[in-house]
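Colleague: Got a minute to go through this one with me? I'd like to hear the reasoning behind the labels.

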Amino acid sequence: VIPLLVALPFLVAPALAAVGRFLPAAVDDVVAIVTAAAVSVLAFLLVLDSLDGPVHYAFGGWEARDEIALGVVFSADALSAGLAALASLLATASLAFAWRSFDETGALFNVLMLGFLAGMTGFALAADLFTMFVFFELMGVCAFALTAYRIDEPGPLQGAFNFAVVNSVGALLALVGIALVYGRTGALNLAQVGETLAGEPTDGLVIVAFALVAAGFMVKAGIVPFHFWLSDAYAVAPGAVCVLLSGVMSDLGIHGIARVYWHGFSGSLDDGALRAILLGFGIATAALGAVMAWLQADLKRMLAFVTISHAGVFLAGTALLTPEGLAGTVLYVAADGLVKAALFLAVAIVVLRVGHPDELLLRGRGRHLRVTGTVFLLGGLAMAAPPPFGSFLGRALVDDSARELGLGWLPPLLVVLGAVAAAAVVRAGARVFLGLGVERDLRLSRQHEEELEAEPKRAPSGLAPFALSLPAAALLAAGLVLAFLPGIAGEAVADASHFVDRPAYAREVLRGASVEVPPAPDAGPSRVAYAYALGGTALTLVLAAAGLYRNRLPRAPVAALRRLHTGAVGDEVAWTLAGAAVLGGLLALAYA
Amino acid sequence: MTVFPYLVACFVFLVGLAGVVTSRNLIHLVVSLGVAQSGTYVLLLAIGYREGGTAPVFGDVPQTRKAVDPVVQALTLTDVVVGVTVTALLLALALQVRKREQTLDPDALHTVRG
């Protein structure tokens, strides 16, 4: 099953590129959708398969011999297979949406989307450093091209250019790190790297290598200060592409850090100082993303900053370096990815039907889009993680794990930051779809000033808006009910406990041993977690109402934050290098 | 084995990145990125180099001969391919900027900010 997850889209994509233009457009689209749907089914089968124990697959039968890894290995545990399933599910929904919404999809769009999907499933499953790098670049290149798909507009040019340059710099940093690891250990397979590093003292080379690899993956995840490209690119990419970018690609960066740390470096970098450093990056990201999201009038740029803010929360959850924190983060990523995808689709529908995605220009103009409006408002509320829906379960696991570690201040902080980001979305939804709030708000950052056409546009292809909003509604529903799958929390914790066990992982990959996944513990949210989540939901509603009628913010810090986001590619690369230097410096102070 | 190739790799990498940060021309920026990438080629090849080693082609050579590490050479090739793809895409975008704005100044790009 495993190789098919990558091979299937890889085989269909060039075939479509070669013969697609001779086929009717509908055939192209259906082939692409069926392929993505088939990959989703395979990915879900793989998740079920890996619940009893991770599945390792050596390409071409090059298994490890004499405890030396020889070939390219894919490792599917339930967590990474779950990410592959999320990616393929979102790809299916977004291709189905694009089929109906783009008049000019064209075969190449489908080809790029399938390539993007193959890159993401490959990255989620790859178990050696260089294969991770290759898939990292593959999903990057497809994503750059997809961002620039509407190349005749100025916004996509800037977004795609910044995206491509900053991500390439990130990939180069990661590559230098990988080269250093190889030079030290003579291995690329993470199990082998982990075994070799664990037997040696931690020196400067190991620290620098980990810092560079982590920085490269942080660029993809949009962690502060590596995040500048993200808000430029997601604000201008086609809605169907944003579904994949925001719903799963950013989170794969966090997955990369988790895999490289636990399988490769956890024997040489202990968890104390690393926890503090990663928590710092995570909290800074969650805070900056939330504040910047609050300041946006452009709905897509707002969702881009929400994506950044949530990436920070995910990094913070992973940074606890506990199985519960990791399991909670993965559940949170899955539920939140589905909700973010639904929100981006809702915005895409608004753009198609009414015009620019500007909150103030659109005030009250979305009233007739009932289904879309409902999806958007519910999605905004779902971001506040109201119990017992959707992302609550993941959030609760992270909260409880933080309190067990004695980090009692962390959950309330994340609740407040999450409420600010969610309130921005609810505020925008209430203004656009319910016509609430004041008409002018000088504190919001505008990207479009021109007036809209008076008449709403007709839906393309003569479709009812209802049919167009079906994928969005389906994604939102999936995100909300995910938490109700029986025993999902326990299974996730059990799988995460196995994931963080480096020696067991090395035995499996290098010696072909089969190690039992521990039985699923009885994991459930504590009362305190319920209280935090209820408080966060209430705070979201209060803040959204305040944003609609009395938006008061201190001027000076807000203006300073805005000035940082210049959209200039040189500045963004400079921040990226500075961030890598800070990360490396902190790690060196802690471990050298 | 000397430290010299590593110094070269580090220098080329950093010079390329400095070019990206300070560039006033999109084509120059893309080429600078290529220069930084070349630094990684040098680094990879330096890591796999063995004094007196031949090319790692074992078809008709006795296998006892000392050879340089073929893994890093495969990595470098992959790296080159990736670099070419990204460069082509970025140059296409730069062309499009020139068509729209009649300039290659990176500042012509900023329509989204704040």
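Modeller: Sure. Let's begin with the interface: chain A puts 48 residues into the contact and chain B puts in 36 residues. Keep in mind that this is a predicted model.

Colleague: What makes a residue part of that contact?

Modeller: Heavy atoms within 4.5 Å count as contact. As for area, chain A and chain B bury about 3,500 Å² between them, with 80% of it on carbon and sulfur atoms. On the chain A side, A:Phe161, A:Leu172 and A:Tyr182 lose the most area to chain B, together 19% of what that side buries.

Colleague: Why is A:Asn162 called buried?

Modeller: Buried means under 20% relative accessible area. A:Asn162 has 0%, so the label fits. A:Asn162 sits in helix H6 (residues 154–185) of chain A. Leaving out residues up to four places away in sequence, A:Asn162 touches A:Asn167, A:Trp229, A:Asp232, A:Gly567, A:Val569 and A:Glu572.

Colleague: And why are H7(A) and H19(A) called oblique to each other?

Modeller: The axes of H7 (residues 190–198) and H19 (residues 502–511), both helices of chain A, come within 9 Å and cross at roughly 125°. Roughly perpendicular stops at 115 degrees and roughly antiparallel starts over 145. The angle falls in neither range, therefore the pair is oblique. The crossing is left-handed.

Colleague: Which residues of H7(A) meet H19(A)?

Modeller: From H7(A) they are A:Ala191, A:Gln192, A:Gly194, A:Glu195 and A:Ala198; their partners in H19(A) include A:Tyr505 and A:Leu510. By class, this contact has 6 nonpolar, 2 polar and 3 charged residues.

Key: Residues numbered from 1 in each chain as written. Chains lettered and ligands numbered in written order. Predicted model: local features only at pLDDT ≥ 70, side-chain atom pairs only at ≥ 80, totals over all residues. Heavy atoms only, no water. Helix = DSSP H or I, 4+ residues; strand = E, 2+ residues; numbered from the N terminus. Buried < 20%, exposed > 50% of the residue type's maximum accessible area, 1.4 Å probe, protein only. Axes fitted to C-alpha atoms, helices over the stretch in contact; angles between N-to-C directions. Parallel < 35°, antiparallel > 145°, perpendicular 65-115°, else oblique. Left-handed = near helix turned anticlockwise from the far one by under 90°. Nonpolar A, V, L, I, M, F, W, Y, C, P; charged D, E, K, R; others polar. Buried area = accessible area lost by both parts, 1.4 Å probe.
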